[in-house]
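Student: I have a model open and I would like to test the words we use for it. Could we go through them one at a time?

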2 protein chains.
Amino acid sequence: MANIIKKRKLGRGVAVVGFGMSKFGVLPGQSNRDMFVDAFKELLKSVDKGIDPKDIEANYVGCCGAWNWETQAGVGKWCTDWVGLVPKPSTTIDNACASASVAIRNGILGIASGMYDIVLAGGTEKMTTLPTEATTLVLATGADATWESYAGYTFPGLYATMATAHMHEYGTTPEDLMYVALKNHANGALNPKAQMNYSIAQWMEMRKQKAAKDGKPVPTWKDEMEFLHDNSANPMVAYPLRLFDCCPITDGAAVVLLVAEEIAKNFTDHPLYIRGMSQTSGRALHNRDTLTCIPGTQIAAQQAYDMAGVTAQDIKIAEVHDCFTIAEVMAIADLGFFKPGKEAATAAREGKTALNGIKPINTSGGLKCKGHPVGASGAGMVGEIWHQMRKEAGPRQVKMDVDLAMTHNVGAHGTDVVIHIFERRG
Amino acid sequence: MANIIKKRKLGRGVAVVGFGMSKFGVLPGQSNRDMFVDAFKELLKSVDKGIDPKDIEANYVGCCGAWNWETQAGVGKWCTDWVGLVPKPSTTIDNACASASVAIRNGILGIASGMYDIVLAGGTEKMTTLPTEATTLVLATGADATWESYAGYTFPGLYATMATAHMHEYGTTPEDLMYVALKNHANGALNPKAQMNYSIAQWMEMRKQKAAKDGKPVPTWKDEMEFLHDNSANPMVAYPLRLFDCCPITDGAAVVLLVAEEIAKNFTDHPLYIRGMSQTSGRALHNRDTLTCIPGTQIAAQQAYDMAGVTAQDIKIAEVHDCFTIAEVMAIADLGFFKPGKEAATAAREGKTALNGIKPINTSGGLKCKGHPVGASGAGMVGEIWHQMRKEAGPRQVKMDVDLAMTHNVGAHGTDVVIHIFERRG
C-alpha cells in the first residue's frame, strides 16, 4: 500500500489571539457553566482589538468528570449555551487531564481544515462537590478500569510507582522531588490566580501564625526541608509522594481564542502562532517497557519539534505536566530539556528550572500550585505562555525574551500527551 | 470587525473507504474494548484493496457513558490500545447520542487540515451493565442537569413533551407514530446486525408461540395496530410514547475509515465522498420557541445543503435520528424532506418513507430496531449509507440508485445535531 508519507503540516496557519480563565481554586456555588462564563468574559477583554462573540464559529470544551461531579454529561454544549453561542457547534472532549489541550488541538485542526476561521477552545472542571476520597475514585476512572483502578490503583499510587522506579534506576531522592514543589510554589506565590498562591515558606509562616492564634504549640521548622519532611505537616500520600508532591483538587475554567493566521492581526498586533503540535496515546503501566519516563511524551516531543523545525534547546520556557513532582522530573527529560536521570531530577534543586534559570519550567506555579481542574488545565497552561510571551506576566515575568514556548499536557499517567509549540514573531 | 466571511469549504476532500461494526444488542461479557475490536476487524476486511493498520494516524471515538456503565472514563484511548494503534493520537468525544458523528466530523476536519491522511473514527457504548432504571438515569445526565434532569425529566419524558406538542399543534395521532415503528421494524427485520431483527408481525407471532409453549392464554391480536394498542404487550412509557415508540438499550461499536480524497482510490474503487457536513448546538427544552421541531436540525440541514450545493430533494435516502418515533417525524420535516405537521406525521403511514417509498428513511431499521448504543450510533448510520450506496445492503437494498445520501444524528433532545452528506461518483 503506497500511501502518502505524513508531512504533519497544517493547510493553514493558526494563531492564539485571546485568553481567559476563571479563578482556580475551591469555588463553592460556582458550576462549570459559571466558571466558563467567567473565563469567557476575561477572554473577550483580552482581545486587544476586540472580538464580536457572534463571529465565533465553534466551541471545543475539555471536561473529564462533570458526569459525576455535577451529574452533567456533555458539559461543553451547556457552557456554549451560557456564553450565548448556540447554535454554534460545540464539542466536549474527555482525554482525562489532557482534555483541554485536545480541545485546543481540534480547534486548531478545525481552522486549518478551512471549516472555521474563529474558534473558542479550552475546558472546565468542577471537582470539589464530592469528598476528596470520592474525587480520587472519580479520577481513577481515567486509569485502566480493567487492570489498574479495579485493582485499587489511584493516581497518587500510579505516579508513586513511577517515582520509586526512578529512585531505583537513577538514585533520585525524595528531596529532589521536594525541590520541584519548592520551585513551583515560589512561582505560584507570584500568580494571583493560583489556587496555592504562596511559597512554602509563606505557608509555614501561616501555619505558625494559626497555631499561635489557636493557642496550640507553634511549629519550630528551621527551614522548608524540615517542614517538607514533617509527617504531620506534609503527610505521606503514596511513598515517596507526600502531600506537597501532589497537585490540589481544583475548580476552574480556561479558554483560548484561536483564529486563522491570515486574520490574526485583525484581533491583536501580538498573536501567538502555532508552530508545532502533536498528540500521542499510551498504554497502561504494566504494558510499558519502562516506568521512569512517559513514552508518549518522548514521541510527541519529537513530532512537535519536527513539525516546528526546532530543537528542545530552542524552547525558552515550558509549562509541563506536574500533577505530581515526579511528573515534572520525567517531563523535562522526555522533552529533551535535561538528560534523563540525575540531571533532570536535580534541575529544580540546582535552580536550572527556576523563574530565571536556564530553562524556566512552570512559571505559573504549574498544576502543583496554580491548581489542576483536570478538564481545563491544558488551556490554563496556554494562558501562562500567552502572558509570558506577551510580557504581561507581572512579577513572574521571565527576564529572557520568549520567542518560542511550549505547553506539555498529559492525560492520566501518560495515556494521552499533547504538545503545542507557540511562536511570537517580532 | 471585518473578519472573513464563512465559506464552509474543506481545504482538502475526504472520503469513507471502510466500515465495520460489532453486533448491536445485549452482549453480556463484551466490553467496549471487545466490541470496538470486533468493529475494527470488520472494518479491516471491508477495505476493498486492503489497509495496513500501521497507516492509520489517529482514532476519534464517541462514547457517552462508559464512566458509569464501565467505570472507565476516556474510553477511546483504551480502544485504541486494544486495536494496536498506540501511540497514535486518540480522542474521546461526548456529545451525547451524536458522539460518533462528532468523532467522524473531527476525523474529517483532521484530514482536511493536512495533519492526517488516514483516520479511524466512530464510537462505542456498553449500556447493559446496569438495570434499565439506572441506565435511564445515566442517560438523563445528557439533558440539562440544572433545569431538566434535576426536575425528574428523563429522555422518554422529554420526547413525549415534544410528541404531545406535535399532537396539539398538528393533530398528529399516536397511530401516526406507530406507523413509524412498523416501518422501521419492517426494515430491521432485513438487517442481520439489528438488535430487533424482526417485524412487529414476527414479534407478535413469537409472543403467541411463547404463550402456547408456556401454557398461557395465546394472544388474539388481529393485526399490528391492535397489538400496538395493547397496554400489556406495548405498555405506555411516557404518553403518547409506548414501548415500541422507543429505541432499545444497546451494546455496540461501529467505525469508519476516513482518508484524504486524493488517496481514496488506493483503498477502493467505490469510496463515498463527503459532500456536505454541519454541526449545531441547542438549548434546553424550556428555552426554545417551539417544541414541535429541533431547531438545530433545521439550521444544520441548511448549512449542509449549502456546503454540498444540493437541496433536500436531491438526497435519495437518509438515516435520521429516531431514538423515539416522534424524533423521526420531526427530523424528516426539519430536514426538508416533508412538510412539517401532517405530511411528515403521515409519511410512514402512507409508505412514503418505506424501503422503496419515494424517500426511504432508516433503511437499516433505524435506532429503533438496529439499536442505539449511544456513543456509536452515528457511525452505525454511516454504515447503512455505506452499504446502500455500494449496493451491498442485501435484502434491504433500495431499488433506486443512491448517488447522494445523508446521516442525521441528534445528541440529547436536540442540543447536538450533526449531518453528513455522502456522494458516490460514477
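Student: What makes you say that the copies meet through the same surface?

Tutor: Happy to start there, keeping in mind that this is a predicted model. Of the interface residues of chain A, 100% are also interface residues in chain B, so the copies meet through the same surface. The contact involves 76 residues of chain A and 76 residues of chain B.

Student: Why is the relation between chain A and chain B called a two-fold axis?

Tutor: Chain A superposes on chain B by a rotation of 180° with 0.0 Å of shift along the axis, at an RMSD of 0.0 Å. That is the relation of a two-fold axis. In chain A, the C-alpha nearest the axis belongs to S113(A), 1.8 Å from it.

Student: What is the area buried between chain A and chain B?

Tutor: About 5800 Å², with carbon and sulfur atoms giving 51% of it.

Student: Why is the pair D416(A) and K77(B) called a salt bridge?

Tutor: The rule asks for a side-chain nitrogen of Lys or Arg within 4 Å of a carboxyl oxygen of Asp or Glu. Between the side chains of D416(A) and K77(B) the N to O distance is 2.6 Å, so the pair meets that rule. Across the interface of chain A and chain B the rule finds six salt bridges. There are also 39 residue pairs in polar contact between the two chains, both residues being at pLDDT 80 or more.

Student: Which elements of chain A each supply at least two residues of the side that touches chain B?

Tutor: They are α3 (75-82), β3 (90-93), α4 (99-112), β8 (272-281) and α10 (295-308). The largest share, six residues, comes from α4(A). By class, this side of chain A has 31 nonpolar, 26 polar and 19 charged residues.

Student: Turning to the interior, why is T363(A) called buried?

Tutor: Buried means under 20% relative accessible area. T363(A) has 1%, so the word applies. The residue lies in the loop between α12 (342-345) and α13 (366-370) of chain A. Leaving aside neighbours within four places in sequence, T363(A) is in contact with N187(A), E319(A), L355(A), E384(A), Q388(A), R396(A) and V398(A).

Student: What makes T363(A) and Q388(A) a polar contact?

Tutor: The limit for the N or O atoms is 3.5 Å, with one able to donate a hydrogen and the other to accept it. The side chains of T363(A) and Q388(A) make their polar contact at 3.2 Å, inside that limit.

Student: How do you know that V16(A), in strand β1 of chain A, is buried?

Tutor: By the same test: V16(A) has a relative accessible area of 1%, and the cut-off is under 20%. Beyond its neighbours within four places in sequence, V16(A) is in contact with V256(A), L257(A), L258(A), P271(A), L272(A), I274(A), W386(A) and F422(A). The C-alpha atoms of V16(A) and I104(A) are separated by 10 Å, although the two are 88 residues apart along the chain.

Student: Why is helix α11 of chain B described as largely enclosed by the rest of the structure?

Tutor: Because 10 of the 10 residues of α11(B), residues 325-334, are buried. Among them are charged-type side chains E328(B) and D334(B). The cover over the buried residues includes α6 (155-170), α7 (174-188), β6, α10 (295-308), α12 (342-345) and β10 of chain B. Just after the helix, G336(B) takes a positive phi of about 85°.

Student: What makes the backbone at K391(B) and A412(B) worth pointing out?

Tutor: Most residues other than glycine have a negative phi. K391(B) is not a glycine, yet has a positive phi of about 60°, and A412(B) has a positive phi near 55°. K391(B) is in the loop between α14 (377-389) and β10 (404-411) of chain B. A412(B) is in the loop between β10 and β11 (416-423), and is buried, with a relative accessible area of 4%.

Student: Which peptide bonds before P87(A) and P240(B) are cis?

Tutor: Most peptide bonds are trans. The bond from V86(A) to P87(A) is cis, with omega near 10°, and the bond joining Y239(B) and P240(B) is cis, with omega about 0°. P87(A) is found in the loop between α3 and β3 of chain A, while P240(B) is in the loop between β5 (236-238) and β6 (241-242) of chain B.

Terms used: Residues numbered from 1 in each chain as written. Chains lettered and ligands numbered in written order. Predicted model: local features only at pLDDT ≥ 70, side-chain atom pairs only at ≥ 80, totals over all residues. Heavy atoms only, no water. Contact = heavy atoms within 4.5 Å. Buried area = accessible area lost by both parts, 1.4 Å probe. Helix = DSSP H or I, 4+ residues; strand = E, 2+ residues; numbered from the N terminus. Buried < 20%, exposed > 50% of the residue type's maximum accessible area, 1.4 Å probe, protein only. Least-squares fit on C-alpha atoms with pLDDT ≥ 70 in both.
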